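I opened this entry to record what I looked up in the structure, beginning with the nonpolar core and then turning to the sheet and to single residues.

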Amino acid sequence: MPARIVSGKIIIRGGSGQVDPDGTLHSVGAGNGMTLTAVGQLSGNTGSGTFNRSDGCIGRWIAIKH
């Protein structure tokens, strides 16, 4: 799912979040009757972390700057 980060704010369809100055990412979203929370770390042009959906699904995400 594509997302943009502008001035430390995460812009993503159905959600929002922030990136702290140290690169820590916190995001929440909702859609299709579910909510999702994501946390992780960005550094340079990449990042990774984990997500949890309200239906019990958990997983990992990665980010690459374009």
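**Entry 1: the core.** I began with the largest nonpolar core, which consists of seven residues: Ile-10, Val-19, Leu-25, Ala-38, Leu-42, Phe-51 and Trp-61. I noted at the same time that this is a predicted model. I then took one core member, Val-19, and listed its contacts beyond four places in sequence: Ile-5, Gly-8, Ile-10, Thr-24, Leu-25 and Leu-42. Ile-10, Leu-25 and Leu-42 in that list also belong to the core.

**Entry 2: confidence.** I checked the pLDDT before going further. The chain averages 92, and 98% of the residues score at least 70. By element, the mean is lowest in β1, at 88, and highest in β6 (residues 46-53), at 95.

**Entry 3: the sheet.** In what order do the strands stand in the sheet? I read the order as β1-β2-β3-β4-β5-β6-β7, an open sheet of seven strands with antiparallel pairing. β1 and β7 (58-64) are the edge strands; each has a single partner strand, so one side of each lacks a neighbour in the sheet. From one strand to the next, the twist averages 20 degrees.

**Entry 4: the N-terminal strands.** I followed the pairing from β1 onward. Three bridges join β1 (residues 4-6) to β2 (residues 9-12) in the antiparallel sense, and Ile-5 faces Ile-10 of β2 across this pairing. The two strands form a hairpin with two residues between them, and Ser-7 in the turn has a positive phi of about 55 degrees. β2 in turn runs antiparallel to β3 (residues 15-19), with four bridges between them. Here I found Lys-9 bridged to Gln-18 of β3. This second hairpin also has two residues between its strands, and Gly-14 adopts a positive phi near 80 degrees.

**Entry 5: Thr-24.** I next looked up Thr-24, which lies in strand β4 (residues 24-31). Is Thr-24 buried or exposed? Its relative accessibility is 18%, so I count Thr-24 as buried, the cut-off being under 20%. The side chain of Thr-24 makes a polar contact of 2.9 Å with the side chain of Asp-22. Setting aside residues up to four places away in sequence, I recorded that Thr-24 touches Gln-18, Val-19, Gly-40 and Gln-41.

**Entry 6: the C-terminal hairpin.** I then turned to β6 and β7, which pair in the antiparallel sense over seven bridges. Four residues separate these strands in their hairpin, and Gly-56 in the turn has a positive phi of about 100 degrees. For partners across the pairing, I noted Gly-49 opposite Trp-61 of β7 and Gly-47 bridged to Ala-63 of β7.

**Entry 7: Ile-62.** I closed with Ile-62, which lies in β7. How accessible is Ile-62? The relative accessible area of Ile-62 is 69%, which means that the residue is exposed, the cut-off being over 50%. Apart from neighbours within four places in sequence, Ile-62 is in contact with Gly-47 and Ser-48. I also took the C-alpha separation between Ile-62 and Thr-50, which is 8.7 Å for two residues twelve places apart along the chain. As background I noted that side chains in a regular strand alternate between the two faces of the sheet. Trp-61 is a member of the core, whereas Ile-62 is exposed.

Key. Residues numbered from 1 in each chain as written. Heavy atoms only, no water. Pairing = 2+ DSSP bridges. pLDDT = per-residue confidence, 0-100. Axes fitted to C-alpha atoms, helices over the stretch in contact; angles between N-to-C directions. Core = buried A, V, L, I, M, F, W, Y, C linked by side-chain atoms within 4.5 Å. Buried < 20%, exposed > 50% of the residue type's maximum accessible area, 1.4 Å probe, protein only. Contact = heavy atoms within 4.5 Å. Polar contact = N/O pair within 3.5 Å; in protein donor to acceptor, adjacent residues only side chain to side chain.
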